[in-house]
Amino acid sequence: MWGGYPSLEEEKADLNKLRAQYERIIDEKYKPYFVKTINGYSQYKTMYENLAESYSKRSDYFYNRIFVENSQDEFLRQESDLLRYVKILEQIKSKYLIVLAVKDTAGNCLTTAEVNAVKALGFTKLNTKPQNMYVGVTFNKKVLCDKCGEERWQPVEVMINDQIESMDIKLSSMAWQHGNKAEIIINGTDYAVNIRGLNFVVFDTENNKLIDSAAFDYHSPNRVCRHKLIEID
């Protein structure tokens, strides 16, 4: 318990239930009610908006608790939802190196909120159109790299070896027709999960260790997340 409140695990379970509740409202059977009529939005639209607002407030509270309780790293490694993952990154970006590389395509099923959240980290040139390659790097809240291909299919490769002490970084973002890979190589080790979509690496430069490596394939409605297994000290 935290100050008489539910544990973070219990809070997250409640948050997931709330999310599932408002997502059910946009099931196929409710879509006809989302059309704006002369009398205004339907009761289902109002219900959805109220639940979405409630979810947003609960979500902000939950991630504020993560920040206060200093358990961001643990929850980052467990998180499978992109929007929630990025919210944690926002809280820890002042102390870690955060790297993003796209493999093949960022994802056709990314929502506007998800794209905006990723861009807010400093990855402003991320292009979600198919086979638009991208790499980005932030460190200590500073954007060190924010680069997309000038045209579709064009691979993006970047070397960063003089901006962070004792850190050599090599990044690659390639479409399936031209290499089909996402590489995030730090001091000779490739930490990328390397699946289609958004590949993130979070690295502690002070202690020279990987905090998390995760990839989000949101190109199909299945919305896959995969974390690299790492040893925890």
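Two strands pair if DSSP finds at least two bridges between them. Keep that in mind, everyone, as we walk through this one, which is a predicted model.

Let's start with the sheet. By that rule there is an open sheet of six strands, in the order β3-β2-β1-β8-β9-β10, and the pairing is antiparallel. At the edges sit β3, residues 142-148, and β10, residues 224-227, each of them pairing on one side only. From one strand to the next, the twist averages 10°. As a reminder, strands of a sheet pair through backbone hydrogen bonds, either parallel or antiparallel.

Now for two of the pairings. Strand β2, residues 134-139, meets β3 in the antiparallel sense over six bridges. Which residue of β3 is the bridge partner of Y134? That would be C148. The two strands form a hairpin with two residues between them, and in the turn you'll find N140 with a positive phi of about 55°. Further along the sheet, β8 (residues 197-204) and β9 (residues 209-217) run antiparallel and are joined by seven bridges. There, N199 of β8 stands opposite A215 in β9.

Please rotate to strand β1 and find V99. Is V99 buried or exposed? Its relative accessible area is 0%, so V99 is buried. Leaving aside neighbours within four places in sequence, V99 is in contact with G136, V137, L171, I184, N199, F200 and V201. Take V137 from that list: V99 and V137 are 38 residues apart in sequence, yet their C-alpha atoms are 4.5 Å apart in space. You'll recognise N199 too, the residue we just saw opposite A215.

Next, the helices. Helix α4, residues 82-92, lies across β1, β8, β9 and β10, and runs at about 30° to β8. In helix α5, residues 112-120, I'd like to show you E114. Why is E114 called buried? Because its relative accessible area is 3%, and buried means under 20%. A polar atom of the E114 side chain lies 2.9 Å from the backbone nitrogen of T111. Not counting residues up to four places away in sequence, E114 touches L82, L83, C109, Y218 and R223. Of these, L82 and L83 fall in the α4 range of 82-92.

Y218 brings us to the aromatics. How many aromatic pairs does a search of the whole structure find? Six. One of them is F216 with Y218: the ring centres are 6.0 Å apart and the planes are at 85°, so this pair is edge-to-face. Both partners are buried, because F216 has a relative accessibility of 0% and Y218 has 2%. Ring pairs also link Y85 and F200 with F216 and Y218 into a cluster. We have met F200 already, as a contact of V99.

Last, the cysteines. How many disulfides are there? The count comes to zero, with a disulfide taken as a pair of cysteine sulfur atoms within 2.5 Å. Two cysteines are worth a look while we're here. C145 has a relative accessible area of 8%, so it counts as buried. C225, at 22% relative accessibility, is therefore partly exposed. C145 falls in the β3 range and C225 in the β10 range, those being the edge strands of the sheet.

That's the tour, and thanks for listening. I'm happy to turn the model around again for anyone who wants another look.

How values were computed. Residues are numbered from 1 along each chain as its sequence is written. This is a predicted model: local features need pLDDT of at least 70, side-chain atom pairs count only at pLDDT 80 or more; totals for chains, interfaces and linings use all residues. Side-chain values use heavy atoms; hydrogens and water are left out. Buried means under 20% relative accessible area, exposed over 50%, partly exposed in between (1.4 Å probe, protein chains only). Helices (H or I, at least four residues) and strands (E, at least two) are DSSP runs, numbered from the N terminus. Axes are lines fitted to C-alpha atoms, for helices over the stretch in contact, and angles run from 0 to 180 degrees between N-to-C directions. Contact means heavy atoms within 4.5 Å. A polar contact is a pair of N or O atoms within 3.5 Å; within protein, one must be able to donate a hydrogen and the other to accept it, and residues adjacent in sequence count only if both atoms are side-chain atoms. Rings of Phe, Tyr and Trp (its six-membered ring) pair if their centres lie within 6.5 Å; planes under 30 degrees apart count as stacked, over 60 as edge-to-face and the rest as tilted.
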